[in-house]
Amino acid sequence: MSIEVSTDPSRLDVERIHRWLSEDAYWSLGRTLEVVARSIEHSLNFGAYDDSGEQVGYARVVTDHATFAWLCDVFVEPSSRGVGVGTALLDAVTAHLSGLRLSRTLLATADAHALYARYGFTPLDEPERYLAQER
């Protein structure tokens, strides 16, 4: 299977992304369609598509395009895992962001540390300097 990754928002299957995030992704269970649609509208999005053009993966980046990015909502359709979809997504994301010459890109993961380490992500040097406001 060959994978095409695109940043064209008109190709995104928003309802599919909503289903993935609200039903299958541990970090966003229950997220509403309205919230997913709004997050897509205000982010840099990467869709991964198989040979038939069906969307099989997604990644979202929140960025100012100058200094900072937050990589989030990385998801691969369960039936398409293990064939390089996640790698294709991360290749595209890191290539795109490297062109922006950002100072920092952050992400959070509970289970994919080894995958992200291949792209240069490491634990924070001084995590005590970072704060979060939860709502």
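The expected span of a helix is 1.5 Å times one less than its number of residues. With that in hand, here are the close-up views, all taken from a predicted model.

**View 1. Helix H3 and what its buried residues pack against.**
Helix H3 covers residues 85-98, which makes 14 residues. At 1.5 Å a residue, a helix of this length should span 20 Å, and the C-alpha atoms at its ends are indeed 20 Å apart, so expectation and model agree. Which residues of H3 are buried? They are Val85, Gly86, Ala88, Leu89, Leu90, Val93 and Leu97. A reminder helps when reading such a list: an α-helix has 3.6 residues a turn, so residues three or four places apart point the same way. The buried residues of H3 pack against five strands and a helix, namely E1 (4-6), E2 (44-49), E3 (55-63), E4 (68-76), E5 (104-107) and helix H4 (113-117).

**View 2. Leucine 115, a residue of helix H4.**
Follow the chain to helix H4 and you will find leucine 115. Its relative accessibility is 23%, so leucine 115 counts as partly exposed, since the buried class ends at 20%. Beyond its neighbours within four places in sequence, leucine 115 is in contact with Thr87 and Leu90; Leu90 is one of the buried residues of H3. Glutamate 77 makes a useful landmark: 38 residues separate it from leucine 115 in sequence, and their C-alpha atoms are 17 Å apart in space.

**View 3. Two nonpolar cores.**
In soluble globular proteins, nonpolar side chains tend to be buried together. Here the largest nonpolar core has 19 residues, and the members that touch the most others are Val61 and Leu71. At least two residues of this core come from each of E2, E3, E4 and H3. Which element gives the most? That is H3, with five residues. If we set aside neighbours within four places in sequence, valine 61 is in contact with Ser43, Leu44, Phe46, Ala69, Trp70, Leu71, Val93 and Leu97. Another core, this one of ten residues, lies apart from the largest; Leu12, Ile40, Tyr49 and Tyr58 are among its members.

**View 4. Aromatic pairs.**
Rings whose centres lie within 6.5 Å are taken as a pair, and planes over 60 degrees apart make that pair edge-to-face. The count by this rule is three aromatic pairs. In one of them, tyrosine 26 and tryptophan 27 have ring centres 5.0 Å apart and planes at 90°, so this pair is edge-to-face. Tyrosine 26 is partly exposed, at 44% relative accessibility, and tryptophan 27 is partly exposed too, at 35%. Tyrosine 116 and phenylalanine 121 also pair edge-to-face, with 6.0 Å from centre to centre and 80° between the planes. Are these two residues buried or exposed? Both tyrosine 116 and phenylalanine 121 are buried.

**View 5. Arginines over aromatic rings.**
Arginine 11 lies over the face of tyrosine 49, 4.0 Å from the centre of the ring. That tyrosine, Tyr49, belongs to the core of ten residues. A second example is arginine 81, whose charged end sits over the ring of phenylalanine 75 at 5.1 Å from its centre.

**View 6. Aspartate 73 and its two arginine partners.**
The structure holds seven salt bridges, and aspartate 73 is a good place to begin. Its side chain meets that of arginine 31 at 2.9 Å, N to O. Aspartate 73 is in strand E4 and arginine 31 in the loop between helix H1 (14-24) and helix H2 (33-41), so their salt bridge ties together parts that are 42 residues apart in sequence. Arginine 60 also forms a salt bridge with aspartate 73, again 2.9 Å from N to O. This pair links strand E3, home of arginine 60, to strand E4, home of aspartate 73, across 13 residues. With a relative accessible area of 4%, aspartate 73 is buried; arginine 60, at 10%, counts as buried as well.

**View 7. A salt-bridge network.**
Three residues, Asp13, Arg16 and Glu54, are linked in a network of salt bridges. Within it, the side chains of arginine 16 and aspartate 13 meet at 3.4 Å, N to O. Arginine 16 is buried at 16% relative accessibility, whereas aspartate 13 is partly exposed at 32%.

Note on methods
Residues are numbered from 1 along each chain as its sequence is written. This is a predicted model: local features need pLDDT of at least 70, side-chain atom pairs count only at pLDDT 80 or more; totals for chains, interfaces and linings use all residues. Side-chain values use heavy atoms; hydrogens and water are left out. Rings of Phe, Tyr and Trp (its six-membered ring) pair if their centres lie within 6.5 Å; planes under 30 degrees apart count as stacked, over 60 as edge-to-face and the rest as tilted. Buried means under 20% relative accessible area, exposed over 50%, partly exposed in between (1.4 Å probe, protein chains only). A charge sits over a ring if NZ of Lys or CZ of Arg is within 6 Å of the ring centre and within 35 degrees of the ring normal. Helices (H or I, at least four residues) and strands (E, at least two) are DSSP runs, numbered from the N terminus. Contact means heavy atoms within 4.5 Å. A nonpolar core is a set of buried Ala, Val, Leu, Ile, Met, Phe, Trp, Tyr and Cys residues joined through side-chain atoms within 4.5 Å. A salt bridge is a side-chain nitrogen of Lys or Arg within 4 Å of a carboxyl oxygen of Asp or Glu.
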